[in-house]
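I opened this one to see how its strands and helices fit together, and how its chains meet. My notes follow, entry by entry.

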Amino acid sequence: MAKKIPEIPSASLADIAFMLLIFFLVTTTMDVDSGLERRLPQWVDPEQLEDDQQIKERNVFVVLVNRNNQLLVEGEYAQIDNLRERAKEFMANPTNDESLPEKEPQQIPYFGETMVTKGVISLRNDLDTQYGTYIAVQNELVAAINELRDELARDEFGEPYDELERDKQDAIRDVYPSRISEAEPKKVD
Amino acid sequence: MSKFKDTGKKEIPPISTASLPDIVFMLLFFFMVSTTMREVTYMVDITLPEATELSKLEKKSLVSYIYVGEPLKQYQSTFGVAPRIQLNDQFANVNDIQDYVIAEREARDEAERPMMITSLKVDENTKMGIVSDIKQELRKSAALHINYSSRQKVER
């Protein structure tokens, strides 16, 4: 008489399933590293560096941070709290002010011919500036540009910038380019 | 005659211990997973700065890390208290960064190399001098895409 093979007990199946579930739960909730994303400029040999790049005074927004973590914005003392507003005003120049940057017309998809600012934000820090302050300043400058883009996205497409399709985001990025130049640090008193 | 007659002493059945190994395995898995989260052991003390405009580092395999901060207590007798750079599991100098970037690049697929990101985990009390030096070295080794690691700022 053939022996019947006993059935494999399936009581522990639930436990195995739970184990897998917990495994995936744990692996997917690993906190993602986040931070301020920036792109460094291409390395240029100091000997080949020519200082022929002349940018008009009104087109540059100068932010200096000294070793005591104080801010000098366009030649006067400033607080970090006001920096975002001032950077926004500089990049947008809504009233076409003479002292704020020039604009030049450009063809941009979705917008047609648009006036695009020629403004550049220049950030320079001292060697003894604290990293925390530097990041706070960078953050405000990036935030200014992000806010401008978001406002434009809401006006034009009725949606926040983050939820737009890729080509619309590109168009908005063309209108408000992120031009933050980080000059090499010098001793700023 | 009652249908529900008490049939003498009823014993409480013992709790089954068959699932005990599973529970233990579960714990084991939990600890295994949670302890391998960091690739390196920190030898420097890092409090990240706060920021609001964060973007996430999504592809972990493309990220290489540079840590900067004061050495931990147990290393202070050897390395002092001035902020130092940590690459992988050892302290390094600014000059080592180029080699590190090249080594990291070699370890990746050819197709992935252009998308590599360098994450700078720097203590917020570090002076910018050392950070600028690192940035210059990164520019020299053409690792231009960087990420200043920071915490989400809590609005108060």
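**Entry 1: the sheet in chain A**

I began with Phe61(A), which stands opposite Ile121(A) in E7(A). A reminder to myself: this is a predicted model. The pair led me to the strands around it, so I looked up E2 (residues 60-65) and E7 (residues 120-125) of chain A, which run parallel and are joined by six bridges.

Next I followed E2(A) to E3 (residues 71-73) of chain A, where I found antiparallel pairing over three bridges. Here Val63(A) has Val73(A) as its bridge partner. E2(A) and E3(A) make a hairpin with five residues between them, and Asn69(A) in the turn has a positive phi of about 60°.

Val73(A) turned up again one strand further along, opposite Glu76(A) in E4(A). E3(A) and E4(A) are antiparallel and share three bridges.

What is the order of the strands in the open sheet? I read E4-E3-E2-E7-E8 in chain A, five strands with mixed pairing. E4 and E8 (180-182) of chain A are the edge strands, each pairing on one side only. From one strand to the next, the twist averages 30°.

**Entry 2: the helix across the sheet**

I then turned to H2(A), which lies across E2, E3, E4 and E7 of chain A and runs at about 20° to E3(A). I checked its length: at 1.5 Å a residue, the 13 residues of H2 (residues 80-92) of chain A should span 18 Å, and the end C-alpha atoms are 19 Å apart, which agrees.

Which residues of H2(A) are buried? I listed Leu83(A), Ala87(A), Lys88(A), Phe90(A), Met91(A) and Ala92(A). A lysine is on that list, so I noted Lys88(A) for another look. The buried residues of H2(A) pack against E2, E3, E4 (76-78), E6 (112-117), E7 and H3 of chain A. After H2(A) comes Asn93(A), with a positive phi near 45°.

**Entry 3: where chain A meets chain B**

Last, I looked up the contacts between the chains: 36 residues of chain A touch 41 residues of chain B. On the chain A side, H1 (13-28), E1 (34-39) and H3 (131-157) each supply at least two residues. H3(A) gives the largest share, nine residues. By class, I noted 18 nonpolar, 10 polar and eight charged residues on this side.

I also found strand pairing between the chains: E1(A) is antiparallel to E8 (residues 145-149) of chain B, over five bridges. Within that pairing, Arg39(A) has His145(B) in E8(B) as its bridge partner.

Note on methods: Residues numbered from 1 in each chain as written. Chains lettered and ligands numbered in written order. Predicted model: local features only at pLDDT ≥ 70, side-chain atom pairs only at ≥ 80, totals over all residues. Contact = placed C-beta atoms within 7 Å. Helix = DSSP H or I, 4+ residues; strand = E, 2+ residues; numbered from the N terminus. Nonpolar A, V, L, I, M, F, W, Y, C, P; charged D, E, K, R; others polar. Pairing = 2+ DSSP bridges. Expected span 1.5 Å × (residues − 1). Buried ≥ 20, exposed ≤ 12 C-beta atoms within 10 Å, placed from the backbone. Axes fitted to C-alpha atoms, helices over the stretch in contact; angles between N-to-C directions.
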